[in-house]
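Here's a quick walk through one model, starting with its cysteines and then moving on to how the helices pack. Have the structure open as you read.

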Amino acid sequence: MPQASSLFIRLEFRLAEQLFRSRWLLPHSRRTQRLTMRLYKRCAEAGHPDALSTYGQMLFQRSRSPQDKARGARYVLEAAQAGDVQSQYQAAQIHEHGCVQYPCREDYAVTWYARAAQAGHRLAAERLARAYQQGELGLARDSQQSAYWRRLAGPPRIAAA
């Protein structure tokens with residue numbers, strides 16, 4: 001039965017993704033939005049890693065109540081622990097800026113930025129390069145470390161005209 005349950009959760013997550021990302025599939029009515037959020041919530045509560053990441057980020061960034069923001073942060077951190085790179089970056093942001101449940105912890109932020117950067121997250125590598133260059137996040141200025149993280153971030157992006 002766990003396999004059937006797992007399969008059902010994966011199917012629900014795919015449906016939620018389709019509803020969330022497709023503008024042409026169904027109009028974005030309040031009813032569709034409620035269904036999408038309900039599906040994401042069910043999948044996140046079942047431990048689906050991508051749902052934890054997506055739903056957690058939505059709750060953390062868009063909710064007005066401190067309880068929902070805290071629940072979103074908890075889901076993001078759970079997804080980060082499971083290895084989701086985007087969630088690792090978000091976990092670093094949560095620890096850098098703090099929230100109700102998670103006060104500022106620069107040491108945790110550096111750890112999460114490093115994990116995300118090592119896994120290929122460009123913004124995390126850029127943030128660490130800047131932190132080492134300017135002595136932020138409780139880090140001493142270190143041009144060698146800054147250069148290392150800049151190399152890991154890759155070539156600078158060129159803004160589109």
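## The cysteines

Start with Cys 99: its sulfur sits 9.1 Å from the closest cysteine sulfur, the one in Cys 104, and that is too far for a bond. A disulfide would need the two sulfur atoms within 2.5 Å. Looking from the other end, Cys 104 is in no disulfide either, with the sulfur of Cys 99 as its nearest cysteine sulfur at 9.1 Å. Search the whole structure and you get zero disulfides.

How buried or exposed is Cys 104? Its relative accessible area is 48%, so Cys 104 counts as partly exposed; the exposed class begins over 50%.

## The overall picture

Keep in mind that this is a predicted model. The chain has eight helices and zero strands, so there's no sheet to look for, given that count of zero strands. Written out along the sequence, the pattern is α-α-α-α-α-α-α-α.

The chain runs to 161 residues, and buried ones make up 40% of them. As for how far apart in sequence the contacting residues lie, take the contacts between residues at least 6 apart: 45% of those join residues at least 24 apart.

## H4 against H5

Two packed helices are described by the angle between their axes and the distance between the axes. For helix H4 (residues 66-81) and helix H5 (residues 85-97), the axes come within 8 Å and cross at roughly 130 degrees. That angle makes H4 oblique to H5, since the roughly antiparallel class needs an angle over 145. The crossing of H4 past H5 is left-handed.

Which residues meet here? From H4 come Ala 73, Val 76, Leu 77, Ala 79 and Ala 80, and facing them in H5 are Ser 87, Gln 88, Gln 90, Ala 91, Ile 94 and His 95. Sorted by type, this contact has seven nonpolar residues, four polar and no charged.

## Two residues from that contact

Leu 77 is on the H4 side, and at 11% relative accessibility it counts as buried. Skip its neighbours within four places in sequence, and Leu 77 is in contact with Ala 91, His 95, Tyr 102 and Trp 112. For a sense of spacing, Leu 77 and Ala 92 are 15 residues apart in sequence, and their C-alpha atoms are 9.2 Å apart in space.

Gln 90 is on the other side, in helix H5. Is Gln 90 buried or exposed? With a relative accessible area of 10%, Gln 90 is buried. Again leaving out neighbours within four places in sequence, Gln 90 is in contact with Gln 57, Gln 61 and Val 76. Val 76 is one of the H4 residues in the helix contact described above.

## H7 against H8

Further along the chain, helix H7 (residues 122-134) packs on helix H8 (residues 143-153), with the axes 8 Å apart and an angle of about 160 degrees. That makes H7 roughly antiparallel to H8, because the angle is over the 145 cut-off. The crossing of H7 and H8 is left-handed.

On the H7 side, the contact is made by Arg 122, Ala 125, Glu 126, Leu 128, Ala 129, Arg 130, Tyr 132 and Gln 133. H8 brings in Gln 145, Ser 146, Trp 149, Arg 150, Leu 152 and Ala 153. By type, the residues of the H7 and H8 contact split into seven nonpolar, three polar and four charged.

How values were computed:
Residues are numbered from 1 along each chain as its sequence is written. This is a predicted model: local features need pLDDT of at least 70, side-chain atom pairs count only at pLDDT 80 or more; totals for chains, interfaces and linings use all residues. Side-chain values use heavy atoms; hydrogens and water are left out. Buried means under 20% relative accessible area, exposed over 50%, partly exposed in between (1.4 Å probe, protein chains only). Axes are lines fitted to C-alpha atoms, for helices over the stretch in contact, and angles run from 0 to 180 degrees between N-to-C directions. Helices (H or I, at least four residues) and strands (E, at least two) are DSSP runs, numbered from the N terminus. Angles under 35 degrees count as roughly parallel, over 145 as roughly antiparallel, 65 to 115 as roughly perpendicular and the rest as oblique. A crossing is left-handed if the near helix is turned anticlockwise from the far one by less than a right angle, and right-handed if clockwise. Contact means heavy atoms within 4.5 Å. Ala, Val, Leu, Ile, Met, Phe, Trp, Tyr, Cys and Pro count as nonpolar, Asp, Glu, Lys and Arg as charged, and the others, Gly among them, as polar.
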